[in-house]
Amino acid sequence: MTRAAYLDLDGTLLDPGGRIVPDTLRAVEHVRAAGWLPVLLTGRSRWVAVAIGRTLGIADVICELGAVLVVDGQAHAAIPGALPVPREALVRALAALPAEQHEPDAPRMAGVVLRSAAPAEALTAALASAGLNGWQAVDNGPSHRPLADGRAARVVHLLPTGVDKTAGLRRHLAHRGLDAAAAGVVGDSPADVACADAVPATVVVRSADAQALRAADARGLRVTDAPGATGALEAVRALTASRAAVTAAG
């Protein structure tokens with residue numbers, strides 16, 4: 001049976017500067033050595049995520065917060081019919097939202113990424129008020145950049161309703177014919193925590209995001225002692241050890 005480890009990038013495999021560090025490589029190598037398939041699960045754009053995957057030797061990538069799958073070099077919409085996205089309409093609607101574009105010049109296949117001090121639920125309501133009823137805002141954790149007025153912000157993705165990391169994960173499982181019971185997720189954001197709906201074996205990498213930690217606690221999920229890539233290595237060791245124990249017991 002093929003087992004898969006779905007690995008977040010920012011705050012998980014990468015250091016705070018977005019760099020690959022030794023524990024990044026150790027975590028990915030541990031996944032492979034255990035006989036698992038490593039899969040990236042990230043909010044990064046298709047182009048950036050695929051480039052990082054190529055560097056790490058990972059061919060399967062779920063990117064743009066679940067909107068896009070890249071399997072063996074081929075891109076697929078995570079939700080059939082979700083792409084292409086009317087980006088121009090979304091950009092025009094931003095004037096009605098209490099937020100700023102996070103990466104205004106970065107190309108993406110799906111949606112728009114914002115920095116906002118407002119909760120995702122408020123942004124979803126604002127989208128509906130702007131006439132975009134089929135869209136939602138999905139929280140992907142704290143931003144390392146504040147708003148223009150100096151307030152702390154969170155990274156929020158505007159995507160078609162029903163598109164998120166969990167949906168992308170389910171689509172990948174189906175595409176590869178994998179069993180969710182034989183998979184694990186490692187990440188640090190609320191969007192990663194929500195993946196436990198699809199893959200109960202979700203381990204949360206410790207971070208300064210109190211919102212994600214509260215969500216993990218509410219679900220009874222394991223949280224690593226260490227943050228970042230060291231925490232990711234701790235998490236994949238725990239995942240593979242627990243699955244090995246289940247297999248041995250069976």
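**Figure 1. Close-up of L65 and its neighbour E64 in the loop between β3 and β4.** In this predicted model, L65 is buried, with a relative accessible area of 0%. Its backbone is worth a look too: L65 has a positive phi of about 60°, although L65 is not a glycine. E64 sits in that loop as well, between β3 (60-63) and β4. Like L65, E64 is no glycine, and here phi is positive at about 50°. For context, most residues other than glycine have a negative phi. The side of E64 open to solvent is easy to describe: E64 is buried, and its relative accessible area is 0%.

**Figure 2. Close-up of the salt bridge between D8 and K165.** The closest N and O atoms of this pair are 3.0 Å apart. The two partners come from distant parts of the chain, 157 residues apart. D8 belongs to the loop between β1 (3-7) and α1 (22-33), while K165 is in helix α5 (residues 165-176). Are these two residues buried or exposed? Both D8 and K165 are buried. If you widen the view, look for D192 as well: salt bridges with shared partners join D8, K165 and D192 into one network. The structure as a whole holds 12 salt bridges.

**Figure 3. Close-up of helix α5, from its cap to the glycine that follows.** Start at the N-terminal end, which is capped by D164. A side-chain oxygen of D164 lies 3.2 Å from the backbone nitrogen of T166. Moving along the helix, you will find a set of buried residues: K165, T166, A167, G168, L169, H172 and L173. How far apart are the end C-alpha atoms of α5? They are 16 Å apart, and this agrees with the 16 Å that the 12 residues should span at 1.5 Å a residue. After the helix comes G177, whose phi is positive, near 70°.

**Figure 4. Close-up of the salt bridge between R176 and D72.** Here the closest N and O atoms are 3.2 Å apart. R176 lies in helix α5, and D72 is in the loop between β4 (68-71) and β5 (74-77), so the salt bridge ties together parts that are 104 residues apart in sequence. R176 is partly exposed, with a relative accessible area of 33%. D72 counts as exposed, because its relative accessibility of 53% is over the 50% cut-off.

**Figure 5. Close-up of the salt bridge between R26 and D23 within helix α1.** The N-to-O distance between these two side chains is 2.6 Å. Both residues lie in helix α1, where they are three residues apart, about one turn of the helix. What is the relative accessibility of R26? The value is 46%, and R26 therefore counts as partly exposed. Its partner D23 is buried, with a relative accessible area of 16%.

**Figure 6. Close-up of V193 and the residues around it.** V193 is found in helix α6 (residues 190-193). The residue is buried, and its relative accessible area is 2%. Which residues does V193 touch, not counting those up to four places away in sequence? You can pick out V204, A212, A215, A216, R219 and L221. One of these, A212, is 19 residues from V193 along the chain, and their C-alpha atoms are separated by 6.9 Å.

Notes. Residues numbered from 1 in each chain as written. Predicted model: local features only at pLDDT ≥ 70, side-chain atom pairs only at ≥ 80, totals over all residues. Heavy atoms only, no water. Salt bridge = Lys/Arg side-chain N within 4 Å of Asp/Glu carboxyl O. Helix = DSSP H or I, 4+ residues; strand = E, 2+ residues; numbered from the N terminus. Buried < 20%, exposed > 50% of the residue type's maximum accessible area, 1.4 Å probe, protein only. Expected span 1.5 Å × (residues − 1). Polar contact = N/O pair within 3.5 Å; in protein donor to acceptor, adjacent residues only side chain to side chain. Contact = heavy atoms within 4.5 Å.
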